[in-house]
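Got your viewer ready? Let's take a walk through this one together, stop by stop.

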Amino acid sequence: MLTGLSKATRSSRTALATGAASAVKFLVAALAFAAAYAGLTAYGAASSAPLPAPAPARAVTLPARTVPAALPAAVPGEVTVTALDSAPDCLKTFLARTVIVNPDPDEAVSYRWRLARWNPGTNTWGTYLVHYSGFAGAEESAAWEPAVSANPGWYRVELKAEGREAIRSDRFQVSC
């Protein structure tokens with residue numbers, strides 16, 4: 001078929017055919033890459049779809065090593081404090097718990113935990129640590145794990161829910 005053509009013409013046609021084949025291979029590879037990219041983009045979009053609203057009450061899971069075998073029951077209007085593990089260098093961790101009842105479950109409630117330390121020089125309770133949180137729903141089993149590091153003294157935990165009086169735990173002593 002190429003017998004009557006000159007050697008230069010045959011080599012041009014061979015180069016043209018080889019180049020066309022390479023271009024077709026490149027086009028197929030580009031289309032495959034584009035399809036793979038579109039698939040990954042669709043996968044990412046599907047996994048970032050909005051999640052359903054969480055249930056109003058939520059469980060707080062604490063590591064088994066830090067929770068004592070028998071915890072006192074959390075009661076609305078009372079803050080209970082339980083000592084957890086102690087670490088070297090006088091690091092003491094505590095578990096403060098209560099139940100917060102929301103009089104209007106359709107509205108959110110903000111609240112503040114406060115670890116207060118007794119100052120014998122001024123005879124007042126001063127703020128040592130603070131933690132803010134909130135919830136929506138009928139009630140919340142609230143828990144907080146404050147830690148005291150190398151600061152012996154008398155402490156108490158207070159919880160102040162939005163629009164209500166603060167409730168306080170009994171005082172407890174931290175000693176090294």
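The tour goes from the whole chain to a few loops and then to some ring pairs.

**The whole chain.** Keep in mind that you're looking at a predicted model. Switch to a cartoon view: the protein chain has one helix and nine strands. Follow the chain along its sequence and you'll meet the helix, then strand after strand, in the pattern α-β-β-β-β-β-β-β-β-β. Of the 176 residues, 22% are buried. Turn on the surface and you have about 11800 Å² exposed, with carbon and sulfur atoms supplying 61% of it. As for contacts between residues at least 6 apart in sequence, 56% join residues at least 24 apart.

**Two loops with an odd backbone.** Some background for this stop: most residues other than glycine have a negative phi. Now select Asn-123, in the loop between β3 (108–119) and β4 (124–136). Its phi is positive, near 55°. Is Asn-123 buried or exposed? It counts as exposed, at 54% relative accessibility.

Next, hop to Ala-150, in the loop between β6 (147–149) and β7 (153–161). Here too phi is positive, at about 50°, and the residue is not a glycine. Ala-150 is exposed, with a relative accessible area of 52%.

**A buried loop residue.** Select Ser-169, in the loop between β8 (167–168) and β9 (172–174). Ser-169 is buried, at a relative accessible area of 8%. Which residues does Ser-169 touch, leaving aside those up to four places away in sequence? Show Val-79, Val-81, Arg-156 and Val-157 to see them.

**Rings, rings, rings.** Display the aromatic side chains: the structure holds six aromatic pairs. Start with Phe-94 and Phe-172, whose ring centres are 4.7 Å apart; their planes meet at 45°, so the pair is tilted. Phe-94 belongs to strand β2 (residues 91–101) and Phe-172 to strand β9, so this pair ties together parts 78 residues apart in sequence. Phe-94 is buried at 8% relative accessibility, and Phe-172 is buried at 13%.

Now try Trp-118 and Trp-125: their ring centres are 5.3 Å apart and their planes at 65°, so the pair is edge-to-face. Trp-118 is partly exposed, with a relative accessible area of 26%, and Trp-125 is partly exposed at 21%.

Go back to Phe-94 and Phe-172, and add Tyr-128 and Tyr-155: ring pairs link these four into a cluster.

**Last stop.** Select Arg-171 and Trp-154. Arg-171 lies over the face of Trp-154, 4.1 Å from the ring centre.

Technical notes
Residues are numbered from 1 along each chain as its sequence is written. This is a predicted model: local features need pLDDT of at least 70, side-chain atom pairs count only at pLDDT 80 or more; totals for chains, interfaces and linings use all residues. Side-chain values use heavy atoms; hydrogens and water are left out. Helices (H or I, at least four residues) and strands (E, at least two) are DSSP runs, numbered from the N terminus. Buried means under 20% relative accessible area, exposed over 50%, partly exposed in between (1.4 Å probe, protein chains only). Contact means heavy atoms within 4.5 Å. Accessible areas come from the Shrake-Rupley method with a 1.4 Å probe; for residues, only the protein chains shown count as cover. Rings of Phe, Tyr and Trp (its six-membered ring) pair if their centres lie within 6.5 Å; planes under 30 degrees apart count as stacked, over 60 as edge-to-face and the rest as tilted. A charge sits over a ring if NZ of Lys or CZ of Arg is within 6 Å of the ring centre and within 35 degrees of the ring normal.
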